[in-house]
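This report considers the fold of a single protein chain, from its overall dimensions down to selected residues. Please consult the sequence and the structure shown below while reading.

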Amino acid sequence: MVAGVLVTGMLLAAMTTRGRLDPAMPVRHRLPTTVGPYTSTEILYCQSESCAHSFMRDPTTDVAACPECMAPLDTASLAEKQLLPADTEIDRRVYMVTPHQRITVSVVRGGYERRSIHKPQVCLVGQGHTITRQYRVPLALTASPDFELMAMEMDGSDQIFAYWFTDGHRVTASHLSRLLWIAWDGVIHNKRRRWAYISLTSTSTHTDATLSHMKRFIQDLHPLLISPARPASPPAKDNR
Ligand SMILES: [Zn+2]
């Protein structure tokens, strides 16, 4: 009961928290080109509302505009950009080791507003997926010995989706924990930090095998995502 009141109070505080903006980045700006034995291609999105074409960039040729309609391209879809605050950055790549073993990775580097990052389950169901099972998967990483992934089997078990959140210091698989950390930083430290949401998805014919490929992949990816201690250039002013 008391804990419930405390949690509710913290969450309410998180909704209204202002606080000093911490310039530290939760993860590096760009996803790496290679991760262990995997090579990757960037996913690009046409910025024309009527076209909405998305495709994997051919690394051997230069694409400056949408091949379908010549509109500008971006690493985030137009819908995502319209939905999310302007200081949110999205990077997405498909990693491949064989044509059949592919992992799509998406990094949302949030801005200073909580709504930069949504609850993943809400977005996935909104995109028409069904979540068949959901569970935490422990995975010891050098930098985070207590690391856990949230794993979801979607659309039967044809697709595995896994994610976690980090502010560069803390790592959690729980969206509620992320909100509580934001409230804690605001109320106790008068500080607002950027958070990142890292998600992976892979089609699957065998859940255990796919999950073990993903775990191995994350062990290689995680150290490459860790942000340098300080940003290279002074942070942009945030007037909000
Ligand atoms: Zn287009």
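The text that follows treats the whole protein, then the pairing of its strands, and then individual residues.

**Overall architecture**

The structure is a predicted model. The protein contains five helices and 13 strands. Its radius of gyration is 18 Å, close to the 18 Å that the globule rule gives for 240 residues, so the protein is as compact as a globular protein of that length. The C-alpha trace spans about 55 × 40 × 35 Å along the principal axes. Of the 240 residues, 31% are buried. Among contacts with a separation of 6 or more, 64% are between residues 24 or more positions apart.

**Strand β3 and its partners**

Strand β3 comprises residues 38-46. Antiparallel pairing joins this strand to β2, to β6, to β4 and to β5. The table sets out these pairings.

| Partner of β3 | Residues of partner | Bridges | Sense |
|---|---|---|---|
| β2 | 34-35 | two | antiparallel |
| β4 | 54-56 | three | antiparallel |
| β5 | 73-74 | two | antiparallel |
| β6 | 89-98 | four | antiparallel |

Individual residues can be followed through these pairings. Thr-34 has Thr-39 of β3 as its bridge partner. The hairpin formed by β2 and β3 has two residues between the strands, and Gly-36 in this hairpin adopts a positive phi near 55°. Further along, Ser-40 has Tyr-95 of β6 as its bridge partner. Tyr-45 stands opposite Ser-54 in β4, and Cys-46 stands opposite Leu-73 in β5.

**Loop residues with positive phi**

Most residues other than glycine have a negative phi. Two loop residues merit attention in this respect. Ala-52, in the loop between β3 and β4, has a phi near 55°, a positive value in a residue other than glycine. The strands on either side of this loop are joined by three antiparallel bridges. Asp-155 lies in the loop between β9 (148-154) and β10 (159-166), and the phi of Asp-155 is likewise positive, near 50°.

Are these two residues buried or exposed? Ala-52 has 16 other C-beta atoms within 10 Å and is therefore partly exposed. Asp-155 has 14 other C-beta atoms within 10 Å and is partly exposed as well. A residue counts as buried at 20 or more such atoms and as exposed at 12 or fewer, so both counts fall in the range between.

**Leu-149 in strand β9**

Strand β9, which precedes the loop holding Asp-155, includes Leu-149. This leucine counts as buried because 21 C-beta neighbours lie inside 10 Å.

Which residues does Leu-149 touch, not counting those up to four places away in sequence? The contacts of Leu-149 are Arg-136, Val-137, Leu-139, Ala-162, Trp-164 and Ala-173. Of these, Leu-139 is 10 residues from Leu-149 along the chain, and the two C-alpha atoms are separated by 7.3 Å. Residues 159-166 form β10, and the contacts with Ala-162 and Trp-164 therefore link Leu-149 in β9 to the strand on the other side of the loop that contains Asp-155.

Key. Residues are numbered from 1 along each chain as its sequence is written. This is a predicted model: local features need pLDDT of at least 70, side-chain atom pairs count only at pLDDT 80 or more; totals for chains, interfaces and linings use all residues. The radius of gyration is taken over C-alpha atoms; the globule rule is 2.2 Å times the number of residues to the power 0.38. Two residues are in contact if their C-beta atoms, placed from the backbone, lie within 7 Å. Two strands pair if DSSP finds at least two bridges between them.
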